[in-house]
Amino acid sequence: MSTGVTAPGPAGKPLVGSFLDLTHRPLRTFLAARRDYGDVVRFHAGPPGLRAEFYAIFSPEGVHQILGSEAANFRKDNAFYDELRTSVGNGLLTSQDGDYQRQRRLIQPLFTRRRVDGYADAIGLEVQSLTERWRRTPDGVVDAADEMSRFALRTVARILFGADVEEAVAVVQRSFPALGAYVQDRGYAPIRIPRHWPTPANRRGAEAQQALYSICDRIIAERAVRGDVDADDLLALLGRARGEDGERLDPAELRDQVLVFLLAGHETTATSLAFALHLLAKHPEQRRLAQQEADSVLGGRAPTAADLEELPYITRVLKEAMRLYPAASLVGRRAVAETVIDGYTIPAGAQIVIAPWVTHRHPDHWDDPDRFDPDRFLPEQEKGRHRYAWYPFGGGPRACIGQHFSMLEAVLALGVLLRDFDVEVVDRRVALAQGITLRAASPMRIRVTARGGGS
Ligand code: HEM
């Protein structure tokens, strides 16, 4: 039985509650809610009769309860995860219960540190082709968001598909943005039109989904025919993965995993990298320190996994970029049973939002939260900080499986780019949009100038 009290929150507009604020400016609305109401805030959203109540939780202690100590009580049963599941299938990000346990058992061994370190060559290849592109840019002005999105997609696709990378990238580049927009619109909509109705949005969503399913199915089928005994990309490893009793992923499950990895492993890393570059382009002192480190560690050679340990400053830059611009800036759940968080009752069935965007700026946990300062992540500064004051990769049993891979990719890429280029800001202010991931909603241009000496 709960001993909590009802959480405070905004009344919102008469007919729609906070619906418009939450759909049009969720980041600003949640930041203001913490300031005005505290660490647990109750919102109403939607038209009368369909009004939903949900709770936003901002304290690290509350986040720990949701992701960690009471994780079983907070399920991925909200509208957003439902839409994702219908669009990209029942893979590791979206599945639950027995399916999830089975998948995680089979897939976890493919993400050990040793395995992931083996992907450094693919990262090196893709960053090399990026630097070549940048050298050919006539005025040196590039959009950091576009460039990093292309780079991160190519890298995760190369790791998944190996030799079949070009074919897959072309389809994903065409279809993923449309599918992402469809999922996002439906996830936020107060009323969801059935997917089989022939509306233009449903048609676009179905076409994008079909294109992605087809390319994955085709590559999987071709490999089955070839009997890919030698391939060592992630798709081949997923196909060969066996549990203790011989359990394996069937072709449809294999495709769902591939789609989830493309989705979860592409715009997220791209966002971190783009904001890290943009922040460095705006902060010459931190840029100089990062460049010194890149020059002395990487010299003129291709990066290796061992370099990660040798690039602590660049790692801190990325962590700070992920604090200020967490790619998964809002994360949702649904409470199964009633519970109490920070003294407030969370009713059974309540929709929950946790917000790295807000907790990462929580003034009780971060001094001068809006200032860019990579040294917040020096070991002595991290000591004593609450585990969930910074959680860009989530936490608990459903924490990000790609965490080490994405840090490896982002740190090595940033190292090579800074070694080879000077970066200056062109668009100082960048508008933000919260889609499936956080992203730039206005140009994010930087000027890149080749430095002497690098490879
Ligand atoms: C900066 C980069 C990344 C960020 C910020 C990020 C963030 C997250 C977060 C917050 C979650 C938890 C979601 C939740 O609790 O609802 C998650 C889960 C997940 N991520 Fe990532 N991610 C990143 C990169 C990647 C990469 C590169 C991959 C794969 C190659 C990946 C694959 C996954 C998967 C499969 C899950 C679900 C894990 C599970 O439930 O067992 N992520 N990620």
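This is a short tour of a predicted model, from the whole chain to one helix, the ligand and a helix pair.

Residues are numbered from 1 along each chain as its sequence is written. Because the model is predicted, local features need pLDDT of at least 70 and side-chain atom pairs count only at pLDDT 80 or more, while totals for chains, interfaces and linings use all residues.

**Whole chain**

Start with the protein chain drawn as a cartoon. It has 19 helices and 12 strands, where helices (H or I, at least four residues) and strands (E, at least two) are DSSP runs numbered from the N terminus. The radius of gyration, taken over C-alpha atoms, is 22 Å; the globule rule (2.2 Å times the number of residues to the power 0.38) gives 23 Å for 455 residues, so the chain is as compact as a globular protein of that length. Its C-alpha atoms fill a box of roughly 65 × 55 × 45 Å along the principal axes.

Of the 455 residues, 44% count as buried. A residue is buried if 20 or more other C-beta atoms, placed from the backbone, lie within 10 Å of its own.

**Helix α4**

Select residues 79–88, helix α4. Seven of its 10 residues are buried, so the helix is largely enclosed by the rest of the structure. The buried ones are Phe-80, Tyr-81, Glu-83, Leu-84, Arg-85, Ser-87 and Val-88. Now add α9 (165–188), α10 (200–226), α12 (251–264) and β5 (331–335), which are among the elements that cover them; contact here requires C-beta atoms, placed from the backbone, within 7 Å. Step just past the end of α4 to Gly-89, which takes a positive phi of about 95°.

**The ligand**

Next, select the ligand and the 23 residues around it, those whose C-beta atom, placed from the backbone, lies within 6 Å. Gly-265, Thr-268, Gly-394, Cys-400 and Gly-402 come nearest. Two or more residues of this shell come from each of α12, α13 (267–282) and α19 (403–420).

By class, the shell has 14 nonpolar, seven polar and two charged residues. Ala, Val, Leu, Ile, Met, Phe, Trp, Tyr, Cys and Pro count as nonpolar, Asp, Glu, Lys and Arg as charged, and the others, Gly among them, as polar.

**α7 against α19**

Keep α19 and add α7 (residues 120–136). The two pack at an angle of about 35° with axes 10 Å apart; axes are lines fitted to C-alpha atoms over the stretch in contact, and angles run from 0 to 180 degrees between N-to-C directions. Show Ala-120, Ile-123, Val-127 and Thr-131 in α7, which meet α19 residues including Leu-408, Leu-412 and Asp-420. The residues of this contact divide into eight nonpolar, one polar and two charged.

How values were computed:
Buried ≥ 20, exposed ≤ 12 C-beta atoms within 10 Å, placed from the backbone. Contact = placed C-beta atoms within 7 Å.
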